[in-house]
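Trainee: Could you take me through one part of this model up close? I would like to see how its charged side chains pair, and what lies around them.

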Amino acid sequence: MGALSATTISPNLLAQTPQTTTADLVRGKARDAAQKFESQFLAQMLGQMFQGIDTEGPFGGGHGEEMFRSLLTDSMAKEMTKAGGIGLADTVQREILKLQGLT
């Protein structure tokens, strides 16, 4: 085997990759935390909304529904946040970054 030249090495290996900075990591974690906060907020609001619904009947109500209703509201809240939410995550993220000294 001979020495490797630039023509035998894949161009993708020679290309410079963008370096992830600490600020980028902080921004990503702040975004994640803000989205989780918004999901929890929405889950609480949905839980209050569904609390007043009477589901008695042949296919509703009972202990099973009571146990799994919170899972339903959590899942709905996460999907709402993924779809853009209500804008709370953006505001929370800005405030987190402001407290960290980032913009």
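Mentor: Start with Asp-32 and Lys-36. Both sit in helix H2, four residues apart, which is about one turn of the helix. This is a predicted model. The side chains of Asp-32 and Lys-36 form a salt bridge, at 3.4 Å from N to O. Side chains of opposite charge can pair when their charged atoms come close. Now check how open each partner is. Asp-32 has 38% relative accessibility, so this residue counts as partly exposed. Lys-36 has a relative accessible area of 53%, so this one is exposed. The cut-off for exposed is over 50%.

The structure holds five salt bridges. Two others are worth a look, and for these we move to helix H3, residues 62-82. Take Glu-65 and Arg-69. Their side chains meet in a salt bridge at 2.4 Å, N to O. They are four residues apart in H3, so about one helical turn separates them. Glu-65 is partly exposed, at 23% relative accessible area. Arg-69 is partly exposed too, with 23% relative accessibility.

Next come Glu-79 and Lys-82. A salt bridge joins their side chains, at 3.3 Å from N to O. Here the spacing in helix H3 is three residues, so again about one helical turn. Glu-79 has a relative accessible area of 45%, which makes this residue partly exposed. Lys-82 reaches 65% relative accessibility and counts as exposed.

Now turn to Thr-81, also in helix H3. Thr-81 has 8% relative accessibility, so this residue is buried; the limit for that is under 20%. What does Thr-81 touch, leaving aside its neighbours within four places in sequence? The contacts are Gln-35, Glu-38, Ser-39 and Leu-42. Apply that same filter to Ala-77, and the contacts are Ser-39, Leu-42, Ala-43 and Leu-46. Ser-39 and Leu-42 therefore appear in both lists.

Ala-77 also belongs to the largest nonpolar core. Five residues make up this core: Leu-42, Ala-43, Leu-46, Phe-50 and Ala-77. H2 gives the most to the core, with four residues.

Finish with Met-49. This residue lies in helix H2, which spans residues 22-51. Met-49 is partly exposed, with 46% relative accessible area. Compare its position with Thr-73. The two are 24 residues apart in sequence. In space, the distance is 9.8 Å, C-alpha to C-alpha.

Notes
Residues numbered from 1 in each chain as written. Predicted model: local features only at pLDDT ≥ 70, side-chain atom pairs only at ≥ 80, totals over all residues. Heavy atoms only, no water. Buried < 20%, exposed > 50% of the residue type's maximum accessible area, 1.4 Å probe, protein only. Core = buried A, V, L, I, M, F, W, Y, C linked by side-chain atoms within 4.5 Å. Contact = heavy atoms within 4.5 Å. Salt bridge = Lys/Arg side-chain N within 4 Å of Asp/Glu carboxyl O.
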